[in-house]
Amino acid sequence: MIDWLSQQARSNPDKIALIFEHQVWSYTVLNQDAEKMARNLLASGIKPGQHIAVLASSSPDYLVLIHALIKLGAVLIPLNTRLTFEELSPLIELADVDYLIYSPAYYAVAAKLTQQKFSFTQITSSDRNPDQELPTAFAFENLQAIIYTSGTTGLPKGAMLTVANHFWSATASAYRLGLSTDDRWLLCLPLYHVGGLAIVLRSCLYGTAVILHDDFSPQEIAISIEYHAATMISLVPTMLNRFMGTGSAMLAKLRLILLGGGAASPQLIQESLAAGLPIISTYGLTEAASQVATSTLENVAQKFGSAGKPLNFTQVQIETSDGEVLPAGEIGEIVVSGPTVMGGYYQNSEATEAVLDDDRLRTGDIGYLDSDGDLWVLQRRSDLIISGGENIYPSEVESVLMRHPAIKEACVIGLEHPEWGQQVAAAIVFYQGKTISTESIQQHCRKSLAGYKIPRIIQFLDHFPRTASGKIVRNRLIQDFEQIFEDI
């Protein structure tokens, strides 16, 4: 089977595929760049099936690399650029990484991660074997990426997504969102997120254009929407909130705004609709190749907070912990099935068995289906914190906190925040006779954690509220934190 980029280069050779700043790539040029990079990678020793980690910010080179790895049949492992060496190192090991490709900005971290590495400069500045034939490795069953996703315990897990997962996700999304041959999807989500990767792949499948940004700046994106005639954008609530604070007139010119990556407050939705913004809410998972359920423009206005109906080919049921299917209106665990569901977590059969049951994904998220079949998500993954669209699992932060010799116990929770959705908070119990300042604790965390994981609010307690079995009552801690804010 021919890969999607090569097909578009044949069918739509002169059509715009990529826009970055003031540069434009047609499908022909983008395909030529991807083939050249694929040959350079092959000449450098990279083979089909190998695992290729990437540590880089969004750039045209990164987008070309995504397509080049598909042409080679190699597996992409996108790494979160906000993580520290200490956080990245076990991910490299867990994924059996063969090579690391990095951009110069991350040289210091990359240099310590693995022996086999290339900078983007090395694989773009030469043409080592221009006549080397590329393998015909593109197939639906090919593993395309291992994308790390967070849970509430243990290390992140690598969700295995195939070409087929992306195909069915892209197809279902087009049915729900509609598709125009003139669509231009403005991409400001990181390429290490499934939402960013999905935009690259589905736009190629559709034969539409990607307008790529290397970071999120409301002012720059507003200019880009006007200058490059963008029609679509994907945002997390934090991004939308920033737009609302700086003026959202340009967003109103879009065909649609896909809003996901955490629950948006009803106030934000109402303000957006009042400003004439074409908001469409969505609920998605890395383990299901992004979208699971997505609303329509009409549905958002009628049902604040609903994620809409499941996409075509995807089934959503609400079940008890024993697997009993619940009727409309009853709250339980959200269970997803269909062709977008991952094959499992790489090299983690225990975690896979905990969530996959006959290709049915037990999400751990809590919600219900109403009588119209619309999904309402009430709680995401138990104690998981989602701040600014980034997943943060408390156990990792707690582990770092308790490395400090003064800290006896730590409990990390997420508190509501008007801009970020949630912010990280920590309750601390010191060893008897010891104490340190909030600033010292944050500085301690900064050595091992990305900035967005560091607790912004810290309370010192004599002891934690616990159940009869000794478990910390996190909801009680959240209530105590909220009460403190009310009393201030």
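This report describes the empty spaces, the nonpolar cores and one helix of the structure shown above, which is a predicted model.

**Cavities and pockets**

Rolling a probe the size of a water molecule over the atoms shows where empty space is left. In this model, five cavities of 30 Å³ or more are found, and the largest of them holds about 830 Å³ of space. Its lining is made up of 46 residues, among which His-193, Val-194, Gly-195, Thr-286 and Gly-389 come closest to the centre of the cavity. Several elements give two or more residues to this lining, including the strands β7 (143–149), β11 (232–235), β12 (256–259) and β22 (390–392), while α8 gives the most, with five residues.

Besides the cavities there are pockets, and the largest pocket has a volume of about 1,300 Å³. Of the 50 residues that line the largest pocket, those nearest its centre are Gly-262, Ala-263, Ala-264, Gly-421 and Gln-422, and the element that gives the most to this lining is strand β23 (residues 407–417), with six residues.

The second largest pocket has a volume of about 650 Å³. It is lined by 31 residues, and the closest to its centre are Arg-82, Pro-190, Tyr-192, Gly-388 and Glu-390. Both α10 and β24 (421–430) supply at least two residues of the lining of the second largest pocket, and α10 gives the most, with three residues.

The table sets out the linings by residue class.

| Space | Nonpolar | Polar | Charged |
|---|---|---|---|
| Largest cavity | 23 residues | 16 residues | seven residues |
| Largest pocket | 24 residues | 19 residues | seven residues |
| Second largest pocket | 14 residues | eleven residues | six residues |

**Nonpolar cores**

In soluble globular proteins, nonpolar side chains tend to be buried together. The largest nonpolar core of this model has 101 residues, and those with the most contacts inside it are Leu-41, Leu-65, Ile-66, Ile-233, Leu-235 and Leu-251. Helix α3 (residues 60–72) gives the most to this core, with nine residues. Another core lies apart from it and has 40 residues, including Leu-79, Leu-88, Leu-113 and Ile-454.

Leu-251 can serve as an example from the largest core. When its neighbours within four places in sequence are left aside, Leu-251 is in contact with Ile-225, Ile-233, Leu-240, Phe-243, Ile-257, Leu-277 and Pro-278.

**Helix α9**

One of these contacts of Leu-251, Ile-225, belongs to helix α9 (residues 218–227), where Pro-218, Ile-221, Ala-222, Ser-224 and Ile-225 are buried. Seen down the axis of α9, the buried residues fall within an arc of 165 degrees, and they therefore line one face of the helix. On the face turned away from this buried side, α9 carries the exposed residues Ile-223 and Tyr-227.

The buried residues of α9 are covered by elements that include β9 (184–187), β10 (209–212), β11 and α10 (237–246). Two of these elements have already appeared above, since β11 gives residues to the lining of the largest cavity and α10 to that of the second largest pocket. After α9 comes Ala-229, whose phi is positive, near 55 degrees.

Key:
Residues are numbered from 1 along each chain as its sequence is written. This is a predicted model: local features need pLDDT of at least 70, side-chain atom pairs count only at pLDDT 80 or more; totals for chains, interfaces and linings use all residues. Side-chain values use heavy atoms; hydrogens and water are left out. On a 1 Å grid over the protein atoms alone, a cavity is a set of points where a 1.4 Å probe fits but cannot get out, and a pocket is an open set with protein on both sides within 12 Å along at least five of seven lines; lining residues have an atom within 4 Å of a point. Grid points are joined across faces, edges and corners, and a volume is the space filled by probe spheres set on the points. Helices (H or I, at least four residues) and strands (E, at least two) are DSSP runs, numbered from the N terminus. Ala, Val, Leu, Ile, Met, Phe, Trp, Tyr, Cys and Pro count as nonpolar, Asp, Glu, Lys and Arg as charged, and the others, Gly among them, as polar. A nonpolar core is a set of buried Ala, Val, Leu, Ile, Met, Phe, Trp, Tyr and Cys residues joined through side-chain atoms within 4.5 Å. Buried means under 20% relative accessible area, exposed over 50%, partly exposed in between (1.4 Å probe, protein chains only). Contact means heavy atoms within 4.5 Å. The arc is that of the directions from the helix axis to the C-beta atoms.
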